[in-house]
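Here's a protein model to explore from the inside. Take a look at it first, and then we'll go through its pocket and its cores.

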Amino acid sequence: MLRSVSSLAMTLALAILCACSESDPCEDADCGPGQCVPSSEQAACECPTGYVPADLSCRRDVREGDDHGDYVEAATPVELMEPAQSGDANLDTMEDVDLFSFHVTPGRIFQFSCSSNKSSYDPACRVELLGADGLRLPGSAGSGGSSIYQAAVLATQEGTVYARVQAFSASPSFFSPSYKYWLLDLGPDDFANTLTEATPVPVGTTVSGTIVPTGDVDVFALDAVADRTYRLSCTGSSSNNCGMRVSGPGGELLYKTEPYKPYGWSDTFDLQVTQGGRHTVEMFFLPGQAFFNGVGDYTFSVADLEP
């Protein structure tokens, strides 16, 4: 009887030892963004949308021969770069698109650009900024000049933005497979965009500003004295026409730069004040120059022409 009890105890001990020594098949698996699940005593990776299983890992769902994913979930994450930095990519066909993702914080302007070495008046690639729903972000219109195309957005909330790069033209003669891309944090908007938040500009001073994103408007305020004349001048750079929209104290339009007038980088308007008070000047860029790219620097000055 004692032998039977001893044998039973030994059997139980061996069973417990064997159970403890069984290894977890997922112990050494690294599924990255996915998770490991045991399947038939073997490890297997369950991958999120945009990824596919590859051995014991999850890789981005990228077509063979392609370097970046074609849809939002398969976008390649990129980090902010210094002005001199860039990445290399390739559009393997004219129909190919490359998706990149990056993190944004509110109150700052983020710009994604692409550039091709192909010599042309127009860029070979173009960029569109998207939200998580795959739709273009409001206020993120892109623009391009010679060889370069960029799109920027003033972020209103923290989150992820997606940049979609594709061929600029459907014509094979303009197609260039290889391109460079870069992502910059341009900081906060330099001047307010609304009449109620206009930045005061003292007479006799010159201010420098930047129009970005494409379609940005910088608004200045001038406290003008009746029966005096002020010269308002702006000068654009980077192949951009600067434009001005001048309004009186009651909001009435007094002057607006028209497209192709003047055909140059600068514009001047002599404001003859009939009603004293706060006047506003809205600064913007408009087409008219070769290689126009819609974003860049400018200067704005106010001079009193009266002795």
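## The largest pocket

In this predicted model, 15 residues line the largest pocket. Those nearest its centre are Val104, Leu137, Thr156, Gln157 and Val161. The space inside comes to about 310 Å³.

What kinds of residues make up the lining of the largest pocket? Nine are nonpolar, five are polar and one is charged. Strands E11 and E12 each supply at least two of the lining residues. E12 gives the largest share, with three residues.

## The largest nonpolar core

Now for the greasy part. In soluble globular proteins, nonpolar side chains tend to be buried together. Here, the largest nonpolar core has 28 residues. Which of them touch the most other members? They are Phe100, Phe102, Phe112, Val127, Leu129 and Tyr179.

Six strands each give two or more residues to this core: E7 (97–104), E8 (109–115), E9 (125–130), E11 (148–154), E12 (159–167) and E13 (178–187). The largest share, five residues, comes from E13. So keep an eye on E11 and E12 when you turn the model: both contribute to this core, and both help line the largest pocket.

## Tyr179 and a second core

Let's zoom in on one residue. Leaving out residues up to four places away in sequence, Tyr179 touches Gly87, Asp88, Ala89, Asn90, Leu91, Asp98, Phe100, Cys114, Ser115, Cys125 and Val165. One of these partners, Phe100, is also among the core members that touch the most others.

Apart from the largest core lies another one, made of 23 residues. Its members include Leu222, Ala224, Leu271 and Val281.

Conventions. Residues numbered from 1 in each chain as written. Predicted model: local features only at pLDDT ≥ 70, side-chain atom pairs only at ≥ 80, totals over all residues. Heavy atoms only, no water. Core = buried A, V, L, I, M, F, W, Y, C linked by side-chain atoms within 4.5 Å. Buried < 20%, exposed > 50% of the residue type's maximum accessible area, 1.4 Å probe, protein only. Helix = DSSP H or I, 4+ residues; strand = E, 2+ residues; numbered from the N terminus. Contact = heavy atoms within 4.5 Å. 1 Å grid on protein atoms, 1.4 Å probe; cavity = no way out; pocket = protein on both sides within 12 Å on 5 of 7 lines; lining within 4 Å. Points joined across faces, edges and corners; volume = space filled by probe spheres on them. Nonpolar A, V, L, I, M, F, W, Y, C, P; charged D, E, K, R; others polar.
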